[in-house]
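Welcome! Have a look at the chain below, then work through the exercises at your own pace.

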Amino acid sequence: MMYLRRNNERGHARFDWLESRHSFSFASYYDPAHMGVSVLRVINDDIVAPGTGFDAHPHRDMEIISYVLQGSIEHRDTLGSHRKLSAGEVQVMSAGIGVEHSEYNVSEHDSLHFLQIWITPNIKGLTPRYQQQPFEPTPGLQLLIAPANDKTGADNANADVLSINQDARMYRVQLDGQDLELPQRPHRVYYLHVIEGQVSLQGETLKAGDAAAVNTKQDAPLVLSGAQSLHALLFDLPA
């Protein structure tokens, strides 16, 4: 079974300084049929006006990922982190027992465009921590985030990935003309969110802003085909 989430079905919020599209229920947008997929709780597609941003606000027991598409974020938090996060970089903040942070568009002239992603952790009450990593564009499937206890991933000092406190992985997918068979493990949920371009998955064409979730109890392979300038994120989640 495949679940589709089309771009025009997402929640939409517009303010003087922010335009946001919500894949799942968030803030004033509430839809009980779309509360998340597995442990993936939030994907917000945010465009922030020049010189504005999110004032300091608290989080607790959540793995918070920022994926910058255009512009730069100035990040400050109560852990003492003060960093600039630019396009091509990925940030993970594990909120644990509690942390406050702010995120601002550093430019006074250009908009900031980024995805804000929340994943619920498998352990609560941990010590908060902050990570940031640039990733060079790589054609195909590129692992960006892995479980903190994955010895083939984030705990390996030579592995160029970030870590979260959950049995979940986030990949970047970049294809143009090639087909790609996605990795599958039994009893998992795979969620593909298209950022740019288009691709076909199980006979359905997905374009920018579209998403699909597939449960891998089925036997058929998951193949991305007909990709045109595809830039997407793939989440490997517990069923």
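**Exercise 1.** In which loop is the place of Asp61?

*Solution.* Start with the neighbouring strands: Asp61 sits in the loop between strand S5 (53-59) and strand S6 (63-70). Strands here are DSSP runs of E with at least two residues, and helices are runs of H or I with at least four, all numbered from the N terminus. Before going further, note that this is a predicted model, in which local features need pLDDT of at least 70 and side-chain atom pairs count only at pLDDT 80 or more, while totals for chains, interfaces and linings use all residues. Residues are numbered from 1 along each chain as its sequence is written, and side-chain values use heavy atoms, with hydrogens and water left out.

Next, look at the backbone: phi of Asp61 is near 50 degrees, a positive value in a residue other than glycine. Last, check the cover: Asp61 is buried, because its relative accessible area is 16%. Buried means under 20% relative accessible area, exposed means over 50%, and partly exposed lies in between (1.4 Å probe, protein chains only).

**Exercise 2.** Find where His187 lies, and decide: is His187 buried or exposed?

*Solution.* First locate His187 in the loop between strand S16 (180-181) and strand S17 (188-201). Its phi is near 60 degrees, again positive in a residue other than glycine. With a relative accessible area of 51%, His187 is exposed.

**Exercise 3.** Describe how strand S3 is paired, and which of its residues are covered.

*Solution.* Take the pairing with S2 before the one with S4; two strands pair if DSSP finds at least two bridges between them.

1. Strand S2 (residues 11-14) runs antiparallel to S3, joined by four bridges. The two form a hairpin with three residues between them, and Ala13 has Ser20 as its bridge partner in S3.
2. S3 is also joined to strand S4 (residues 40-48) by five bridges, again antiparallel. Here His22 stands opposite Asn44.
3. Within S3 (residues 18-22), Leu18, Ser20 and His22 make up the covered face, while Glu19 and Arg21 lie on the uncovered one.

**Exercise 4.** Work out the surroundings of Arg10 and of Asp167.

*Solution.* Begin with Arg10, in the loop between strand S1 (2-5) and S2. Arg10 counts as buried, since its relative accessibility is 8%. Leaving aside neighbours within four places in sequence, its contacts (heavy atoms within 4.5 Å) include Arg21, His22, Asp45 and His193. Ser23 is another contact of Arg10; the two are 13 residues apart in sequence and 5.1 Å apart in space, C-alpha to C-alpha.

Now turn to Asp167, in the loop between strand S14 (162-164) and strand S15 (169-175). A relative accessible area of 30% makes Asp167 partly exposed. With neighbours within four places again left aside, its contacts include Asn122, Arg185, Arg188 and Asp236.

**Exercise 5.** Step back: what does the secondary structure of the protein come to?

*Solution.* Count the elements: there are zero helices and 20 strands. Then consider the overall extent: the C-alpha atoms fill a box of roughly 45 × 40 × 35 Å, taken along the principal axes. To finish, turn to cover and contacts. Buried residues make up 50% of the 239 residues. Among contacts between residues at least 6 apart in sequence, 71% join residues at least 24 apart.
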